[in-house]
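User: I've got a model open here and I'd like the reasoning behind the labels. Let's take them one by one.

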Amino acid sequence: MKAMLKKMVVAVALVASSPVMAADYHAATPLVSRQDQARMERERQERERQARLERERQERARLERERQARLERERQERERQARLERERQERERQARLERERQERERQARLERERQERERLARLERSRYSGGWLN
């Protein structure tokens with residue numbers, strides 16, 4: 001109804017050949033009312049706010065994923081370092097046990113050689129001190 005009335009006023013103004021009246025009418029009545037403009041502006045701002053909130057949410061999610069990935073890499077590196085340390089300690093323990101075993105064998109060999117020399121010395125002494133030379 002209002003739109004039809006507007007059209008009639010424009011038509012009357014044109015018919016009356018009053019460009020001033022037609023210009024005043026067009027300037028005073030924009031195609032979209034101020035209320036509609038304000039509502040559309042609020043809706044646009046709300047869409048922009050929602051888009052910004054979504055971008056921020058996605059950025060926080062990305063940062064959290066990166067943080068979790070970094071923590072996982074750090075955990076794996078700590079586990080790897082701990083495993084390498086355990087392996088190094090085990091190698092050192094095995095090397096120490098091997099050195100101790102070799103030292104025991106050397107000591108046992110030296111003791112056998114000493115006992116053999118003593119036995120031979122006793123044998124020699126018994127030969128010269130009372131054997132058939134008397």
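**Labels and their reasons**

User: Why is Arg83 called partly exposed?

Analyst: Its relative accessible area is 36%. Buried means under 20%, exposed means over 50%, and partly exposed is what lies in between (1.4 Å probe, protein chains only). Since 36% falls between those cut-offs, Arg83 is partly exposed.

User: Before we go on, what kind of model is this?

Analyst: It's a predicted model, where local features need pLDDT of at least 70, side-chain atom pairs count only at pLDDT 80 or more, and totals for chains, interfaces and linings use all residues. Residues are numbered from 1 along each chain as its sequence is written, and side-chain values use heavy atoms, with hydrogens and water left out.

User: How do you know that Arg83 and Glu87 form a salt bridge?

Analyst: The call needs a side-chain nitrogen of Lys or Arg within 4 Å of a carboxyl oxygen of Asp or Glu. For Arg83 and Glu87 the N to O distance is 3.3 Å, so the pair qualifies. They sit 4 residues apart in helix α3, so about one helical turn separates them. Glu87, at 33% relative accessibility, is partly exposed.

User: What makes Glu79 and Arg75 a salt bridge?

Analyst: Same kind of check: N to O is 2.4 Å, and that's within 4 Å, so it counts. Both residues lie in helix α3, 4 residues apart, about one turn of the helix. Glu79 has 44% relative accessible area and Arg75 has 31%; each is partly exposed.

User: And what about Glu77 and Arg80, what makes that pair count?

Analyst: The distance is 2.9 Å, N to O, so the 4 Å limit is met. These two are 3 residues apart in helix α3, again about one turn. Side chains of opposite charge can pair when their charged atoms come close. The whole structure has 26 salt bridges, and Asp36, Arg39 and Glu43 are linked in a network of them.

User: Why is Leu31 called exposed?

Analyst: Because its relative accessibility is 90%, and that's over the 50% cut-off. Leu31 is in the loop between α2 (19-28) and α3 (34-130).

User: What makes Leu31, Val32 and Met40 a patch?

Analyst: Patch residues have over 30% relative accessible area and no salt bridge; like charges are joined within 9 Å, nonpolar side chains (Val, Leu, Ile, Met, Phe, Trp, Tyr) within 5 Å. Those three form a nonpolar patch on the surface, with about 320 Å² of accessible area together. Areas come from the Shrake-Rupley method with a 1.4 Å probe; for residues, only the protein chains shown count as cover.

User: How do you know that the pattern is α-α-α?

Analyst: There are 3 helices and 0 strands. Helices (H or I, at least four residues) and strands (E, at least two) are DSSP runs, numbered from the N terminus.

User: Where is confidence lowest, and where highest?

Analyst: α2 is lowest, at a mean of 54, and α3 is highest, at 95, on pLDDT, the predictor's confidence in each residue, from 0 to 100. Where pLDDT is low, the predicted coordinates should not be read in detail. The protein's mean is 86, and 76% of its residues reach 70 or more.
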